[in-house]
Amino acid sequence: MLFKDCLCLQVGRVARKMSKITRKKLASFGLTTTQFFMLTALYEEDGVPISVLAQKVALDKATLTGLLDRLERDDLIERKADPDDRRAIRIFLTPKAELMREKLTELYNQNNGIFLSILTSEESEIFERVVDKLEKAEFGKDRIPTSKSEHEGELNAP
């Protein structure tokens, strides 16, 4: 396999390209792309435990803690004890973050629209299935297929 054919390289290039576009649009809000995705996740479901938020944005708790510190410093989120479990902390949006909701949600939808607009409906469906499959895959040493034929046809299943 040639270096240019490396899936990791190709996905990385696309991710950097998408991230660069998103960063430019977020500059006026003073947010990083990760902070933007965290707020978007909270717009979808506010008041979630830290563990749920970590899972939604695919970050470990240690990384998430630093990001939450910055969002809290910027008065965009607040941490509150869970009334049902004193050991758990829930993350809530502040009024300042709520004021940004409409514009950030619009930006989120526009971005997704831009990226998906270059795909046909069929390509979009296949892309979503491929990404979902890769996200769910366990890439342990004993889980790597030895041949392409071991997984042929799996993406064609509904």
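Which side chain meets Asp-82 in a salt bridge? The partner is Arg-90, and the N to O distance is 2.8 Å. Asp-82 is buried, with a relative accessible area of 7%, whereas Arg-90 is partly exposed at 24%. Keep this pair in mind as we walk through the structure, which is a predicted model.

Let us step back and look at the whole chain. The protein has 158 residues, and 25% of them count as buried. Six helices and three strands make up its secondary structure. Following the sequence from start to end, you meet them in the pattern α-α-β-α-α-β-β-α-α. About 11600 Å² of the protein is exposed, with carbon and sulfur atoms supplying 56% of that area. Contacts tell us how the chain folds back on itself: among those with a separation of 6 or more, 47% are between residues 24 or more positions apart.

A good place to look inside is the meeting of two helices. Helix H2 covers residues 33-44, and helix H4 covers residues 61-73. Their axes come within 11 Å and cross at roughly 85 degrees. An angle from 65 to 115 degrees counts as roughly perpendicular, so H2 is roughly perpendicular to H4. On the H2 side, Thr-34, Gln-35 and Met-38 take part in the contact. They meet Leu-64, Leu-67, Leu-68, Arg-70 and Leu-71 of H4. Sorted by character, the residues of this contact are five nonpolar, two polar and one charged.

One of these residues deserves a visit of its own. Met-38, in helix H2, has a relative accessibility of 0%. Buried means under 20%, so Met-38 counts as buried. What is Met-38 in contact with, once its neighbours within four places in sequence are left aside? The answer is Leu-53, Val-57, Leu-64, Leu-67, Leu-68 and Leu-71. Take Leu-53 from that list: Met-38 and Leu-53 are 15 residues apart in sequence, and their C-alpha atoms are 7.6 Å apart in space.

Now let us return to salt bridges. The whole structure holds 10 of them, and the pair that opened our tour, Asp-82 with Arg-90, is one. Another is formed by the side chains of Lys-56 and Glu-45, at 3.1 Å from N to O. This pair links distant parts of the chain, with Lys-56 in helix H3 and Glu-45 in the loop between H2 and strand E1 (48-49), 11 residues apart. Both ends are partly exposed: Lys-56 has a relative accessible area of 34%, and Glu-45 has a relative accessibility of 39%.

A third example connects a helix to a strand. Asp-69 forms a salt bridge with Arg-79, and their closest N and O atoms are 2.8 Å apart. Here too, distant parts of the chain are linked: Asp-69 belongs to helix H4 and Arg-79 to strand E2, 10 residues apart. Asp-69 counts as partly exposed at 39% relative accessibility, and Arg-79 also counts as partly exposed, at 26%.

Our last stops are two residues in loops, chosen for their backbone angles. Most residues other than glycine have a negative phi. Where, then, do we find a positive value in a residue other than glycine? One place is Ala-58, with phi near 55 degrees. Ala-58 sits in the loop between helix H3 (50-56) and helix H4. With a relative accessible area of 68%, Ala-58 is exposed, because exposed means over 50%.

Beyond H4 comes the other example. Asp-75 is found in the loop between H4 and strand E2 (77-82). Its phi is near 60 degrees, again a positive value in a residue other than glycine. Is Asp-75 buried, exposed or partly exposed, and which relative accessibility does it have? At 44%, Asp-75 counts as partly exposed, since that value falls between the cut-offs of 20% and 50%.

How values were computed
Residues numbered from 1 in each chain as written. Predicted model: local features only at pLDDT ≥ 70, side-chain atom pairs only at ≥ 80, totals over all residues. Heavy atoms only, no water. Helix = DSSP H or I, 4+ residues; strand = E, 2+ residues; numbered from the N terminus. Buried < 20%, exposed > 50% of the residue type's maximum accessible area, 1.4 Å probe, protein only. Contact = heavy atoms within 4.5 Å. Areas by Shrake-Rupley, 256 points an atom, 1.4 Å probe, with all protein chains shown as cover. Axes fitted to C-alpha atoms, helices over the stretch in contact; angles between N-to-C directions. Parallel < 35°, antiparallel > 145°, perpendicular 65-115°, else oblique. Nonpolar A, V, L, I, M, F, W, Y, C, P; charged D, E, K, R; others polar. Salt bridge = Lys/Arg side-chain N within 4 Å of Asp/Glu carboxyl O.
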